[in-house]
Amino acid sequence: MNRSPTIKDVASKAQVSFKTVSRVLNGEPHVRESVRDRVLTAANALGYRPNIAARGLTGAPSRLIGLLYDTANYGFVTEAEIGALLRCREAGYHLAIEPVDARDDVGQQIEHILSSLRLDGLILTPPLSDDPTVIATLERLKVRHVRVAPHADRDRSPCVFIDDAEAAFALTGYLLALGHAAIGFVEGPPGHAAAGPRLAGFRRAMDEAGLDPSPDHVVPGDFTFESGILAGRRLLTRDDRPTAIFAANDRMALGVTAAARELGLGIPDAVSVAGFDDTWAARRSWLPLTTVRQPIEEMCATATDMLIAATAGETPEPAARGFDFQVMPRESTAPPKGA
């Protein structure tokens, strides 16, 4: 055969109708096992590969799900990919992982992705899950989507989340219970929806403990390792340096630990450091990091289940599903000297 085999070639070899071949290849039920085996054997023998664009005309599910992530958020997305990928594999789906730069024209980027892939739906990771342009684009195009860790309009579309403010409150409470009173905080970027609640949780815990953190002990960051280094230098070179630093994500917390080592300050002897998310890097760092465990893998596995169910028409109404967080004490924190 000097051309690519077609569905009709498969039908001829298997001695069935091309509609039967289509049903088998699309994974539809109510096809006899002997017929299914005959069609798959014929397709393999001919080297047949389905044409995605042609399948799009049939309206059949593509069994392909997309996961979008912001190019500046690699730490979170690694965990997200694992959760979504494993669940897709269990359900017989495939996962397309696509980067999006939230600082650029996100609507145009998403339209380009959707024009080149026929997806059954999208999983949105933060900050895309709160981006109004992203959500409006998907709603206009009528694309199914599930949002991971959004903070706004949780009843607008299916989503999975934790209570970031309560989690930050709990971790700050853990540092206070160790005996720390001078606690520094490294903020997340203003445009990221998780940044505000995490700062609010920190401030509430300090307030309920009767403590008013110095304005100079709350410094900006942007969820990157590099901003954690800069924040660490800024806090740890002060005459009134804090005895503990809580960074609003693990990447910044690891940057703080790098700054401490650069300045010759031991962790946790000279300063305790804590983060947020419980990413792989936090667990495998040279000094395992005290942090809040956000169950990212489980959340994204559930988001995948929700999307697959929506594809099958099993979720007529949007659903918001909350997950529990957990404070994970590790070697990067200890009581302050003299406590």
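Contact here means heavy atoms within 4.5 Å. The model is predicted.

**Exercise 1. Describe the chain as a whole.**

Solution.
Step 1. Count the elements. The chain has 13 helices and 12 strands.
Step 2. Box the C-alpha atoms along the principal axes. The box is roughly 85 × 35 × 35 Å.
Step 3. Check burial. Of the 339 residues, 50% count as buried.
Step 4. Check the sequence range of the contacts. Take pairs at least 6 apart in sequence; 71% of these contacts join residues at least 24 apart.

**Exercise 2. Place Arg198: is it buried or exposed, and which residues does it touch?**

Solution.
Step 1. Locate the residue. Arg198 sits in helix H9, residues 195-208.
Step 2. Apply the cut-off. Buried means under 20% relative accessible area. Arg198 has 4%, so it is buried.
Step 3. List its contacts, skipping residues up to four places away in sequence. Arg198 touches Asp164, Ala168, Phe185, Phe223, Ala248, Asn249, Phe276, Asp277 and Gln294.

**Exercise 3. Do the same for Ala193, and find its C-alpha separation from His151.**

Solution.
Step 1. Locate the residue. Ala193 lies in the loop between strand E6 (183-186) and H9.
Step 2. Classify it. Its relative accessibility is 26%, so Ala193 counts as partly exposed.
Step 3. Leave out residues up to four places away in sequence. Ala193 then touches Asp130 and His151.
Step 4. Look at the pair with His151. The two residues are 42 apart along the chain, and their C-alpha atoms are separated by 6.0 Å.

**Exercise 4. Describe how helices H10 and H11 pack.**

Solution.
Step 1. Choose the descriptors. Two packed helices are described by the angle between their axes and the distance between the axes.
Step 2. Read both values. The axes of H10 (residues 225-236) and H11 (residues 250-262) come within 6 Å and cross at roughly 50°.
Step 3. Name the arrangement. With that angle, H10 is oblique to H11.
Step 4. Give the hand. The crossing of H10 and H11 is right-handed.
Step 5. Identify the contact residues. H10 contributes Phe225, Ser227, Gly228, Ile229, Gly232, Arg233 and Leu236. H11 contributes Arg251, Met252, Leu254, Gly255, Val256, Ala258, Ala259, Ala260 and Glu262.
Step 6. Sort them by class. The contact of H10 with H11 has 9 nonpolar, 4 polar and 3 charged residues.

**Exercise 5. Repeat the analysis for H6 and H7.**

Solution.
Step 1. Read the geometry. The axes of H6 (residues 106-116) and H7 (residues 132-140) come within 9 Å and cross at roughly 40°.
Step 2. Name the arrangement. That angle makes H6 oblique to H7.
Step 3. Give the hand. H6 passes H7 in a right-handed crossing.
Step 4. Identify the contact residues. From H6 come Val106, Gly107, Ile110, Glu111 and Leu114. From H7 come Thr133, Val134, Thr137, Leu138 and Arg140.
Step 5. Sort them by class. The contact of H6 with H7 has 5 nonpolar, 3 polar and 2 charged residues.

**Exercise 6. Which residues touch the most other members of the largest nonpolar core?**

Solution.
Step 1. Recall the general trend. In soluble globular proteins, nonpolar side chains tend to be buried together.
Step 2. Name the residues. The largest nonpolar core has 63 residues; Ile65, Leu67, Ile123, Val148, Val186, Phe202 and Phe246 touch the most other members.
Step 3. Take Ile65. Beyond its neighbours within four places in sequence, its contacts include Cys88, Tyr93, Leu95, Leu119, Ile123, Leu307 and Ile308.
Step 4. Look for another core. One of 15 residues lies apart, with Leu64, Ile110, Val134 and Leu138 among them.

How values were computed. Residues numbered from 1 in each chain as written. Predicted model: local features only at pLDDT ≥ 70, side-chain atom pairs only at ≥ 80, totals over all residues. Heavy atoms only, no water. Axes fitted to C-alpha atoms, helices over the stretch in contact; angles between N-to-C directions. Helix = DSSP H or I, 4+ residues; strand = E, 2+ residues; numbered from the N terminus. Parallel < 35°, antiparallel > 145°, perpendicular 65-115°, else oblique. Left-handed = near helix turned anticlockwise from the far one by under 90°. Nonpolar A, V, L, I, M, F, W, Y, C, P; charged D, E, K, R; others polar. Core = buried A, V, L, I, M, F, W, Y, C linked by side-chain atoms within 4.5 Å. Buried < 20%, exposed > 50% of the residue type's maximum accessible area, 1.4 Å probe, protein only.
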